[in-house]
Amino acid sequence: QNPLFQDKVIIVTGASSGIGRACAIHLAHQGAKVVVNYASDEEGGQSALDEILSNGGAGILIKADVSKEHDVNAMFEETIQTYGRLDVLVSNAGLQKDAPFLEMSLEQWQKVIDVNLTGQFLCCRAAARQFVQQVENGSTNAHSELSVGKIILMSSVHDIIPWAGHVNYAASKGGIMMFMKSISQELAPYKIRVNSVSPGAIKTPINQEVWSDPDKYKSLMNLIPYKRIGTPQDVAKAVAWLASDDSDYVNGETLYIDGGMTLYPEFADNG
Ligand code: NAD
């Protein structure tokens, strides 16, 4: 238990699997009340919630597709009805629909932009509105030196590393960076903090075909100076820091959690 998370209410989107699941479990373990969001994988969501509850944590499960305005607003309403407030949004949900650019369909493009980028817009807007409302109705102390709400967006190293064969994904993550910085600039006067986390290669179902194949794993290691794949817990611990008042003066930043993937590793062998 961490006193910084006592009585804090946190929504984690896409918490039925991978990084989102690890964030939800870690934050609940720190003492937060966690909304475990899932889109279609109810079993995965329930299993994350069961782990939270069996460790003595608190949380609820809410189904919502982050790319649907009605679903997102209903998720925030249910959160407020249950816990009375919101302190942090971890906007994590995301997916890939890979295809060579020459063959990419509009549907593949649109799906990724809808979930990875429009989903961020809808969830961040709902969270920011809630934080402002809590100041207006007096349920958050606006005179505190500390922030009145925090938003963490799940981006990727592909917000700066181009990625052939995945242009819809890279475009969505590049979009997240400028979206994050712009809302951070706009919301800072309200004392709302907004930051991104950009993971490198993290061992989750999204990239299973890479880490489960020894040859592909070996060539992946050429891209990672630290010579290991990341774990969802590596990301969850960084998210917890950004979600706490320990990072109070950090605003509009992107934190790369990538074992050095963004360090141009091929230059290491070029003398
Ligand atoms: P994952 O496939 O294990 O988890 C993705 C989660 O998002 C799942 O819980 C899924 O149900 C949820 N989701 C998908 N569409 C949704 C929707 N419309 N509404 C609500 N939830 C939805 O993959 P992951 O690796 O845990 O990915 C989580 C985030 O981390 C994504 O944004 C991804 O882009 C990002 N990321 C992952 C890696 C990596 O190497 N694993 C690297 C960089 C960034």
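Modeller: Helices (H or I, at least four residues) and strands (E, at least two) are DSSP runs, numbered from the N terminus. Residues are numbered from 1 along each chain as its sequence is written. This is a predicted model: local features need pLDDT of at least 70, side-chain atom pairs count only at pLDDT 80 or more, and totals for chains, interfaces and linings use all residues.

Colleague: How many helices and strands does the secondary structure of the chain come to?
Modeller: Take the frame first: along the principal axes, the C-alpha atoms fill a box of roughly 55 × 40 × 35 Å. The secondary structure within the chain amounts to 8 helices and 7 strands.

Colleague: Why does the radius of gyration of the chain agree with a compact globule?
Modeller: The radius is taken over C-alpha atoms, and the globule rule is 2.2 Å times the number of residues to the power 0.38. For 271 residues that puts a compact globule near 18 Å, and the chain agrees because its own value is 18 Å.

Colleague: What percentage of the 271 residues in the chain is buried?
Modeller: Contacts come first. Two residues are in contact if their C-beta atoms, placed from the backbone, lie within 7 Å. Of the contacts with a separation of 6 or more, 73% join residues 24 or more positions apart. Counting as buried any residue with 20 or more other C-beta atoms within 10 Å of its own (exposed: 12 or fewer; partly exposed: in between; C-beta atoms placed from the backbone), the buried share of the 271 residues is 44%.

Colleague: Which residues of the largest nonpolar core touch the most other members?
Modeller: A nonpolar core is a set of buried Ala, Val, Leu, Ile, Met, Phe, Trp, Tyr and Cys residues joined through C-beta atoms within 7 Å. The largest one has 68 residues, and the most other members are touched by A24 and V239. Helix α4 (residues 106-136) gives this core its largest share, 9 residues. Again, the two names are A24 and V239.

Colleague: Which residues is A24 in contact with, leaving aside its neighbours within four places in sequence?
Modeller: In soluble globular proteins, nonpolar side chains tend to be buried together. With those neighbours set aside, the contacts of A24 are V12, A15, V34, V36, A48, I52 and G59.

Colleague: Which residues around the ligand come nearest?
Modeller: A residue counts as near if its C-beta atom, placed from the backbone, lies within 6 Å of the molecule or strand in question. Helix α1 (residues 18-29) supplies the largest share of the shell, 3 residues. There are 27 residues around the ligand, and those nearest are G14, G18, A93, G94 and T204.

Colleague: How do the residues of the shell around the ligand divide: how many nonpolar, polar and charged?
Modeller: Ala, Val, Leu, Ile, Met, Phe, Trp, Tyr, Cys and Pro count as nonpolar, Asp, Glu, Lys and Arg as charged, and the others, Gly among them, as polar. On that scheme the shell has 13 nonpolar, 12 polar and 2 charged.

Colleague: Which residues does the UniProt annotation "domain: Ketoreductase" cover?
Modeller: The annotation comes from an unreviewed entry. UniProt positions are given in the numbering used here, feature names are shortened, and annotations may be inferred rather than shown by experiment. The span is 46% helix and 17% strand, with its end C-alpha atoms 29 Å apart. It covers residues 8-205.

Colleague: Is K173 buried or exposed?
Modeller: K173 sits in helix α5. Its contacts, beyond neighbours within four places in sequence, are N116, S155, S156, H158 and D159. D159 is 14 residues away in sequence, yet 4.7 Å away, C-alpha to C-alpha. With 26 other C-beta atoms within 10 Å, K173 is buried.

Colleague: Is S182 buried or exposed?
Modeller: S182 belongs to helix α5 (residues 167-187). Its C-alpha is 9.5 Å from that of V194, 12 residues apart in sequence. S182 has 12 C-beta neighbours inside 10 Å, so it counts as exposed.

Colleague: How far are the C-alpha atoms of P100 and H166 separated?
Modeller: P100 is in the loop between β4 (88-91) and α4. P100 counts as exposed because it has 10 C-beta neighbours inside 10 Å. P100 and H166 are 66 residues apart along the chain, and their C-alpha separation is 7.2 Å.

Colleague: Where is K227 found?
Modeller: K227 has a positive phi of about 60°, although it is not a glycine. It is exposed, with 9 other C-beta atoms within 10 Å. K227 is in the loop between α7 (214-221) and α8 (232-243).
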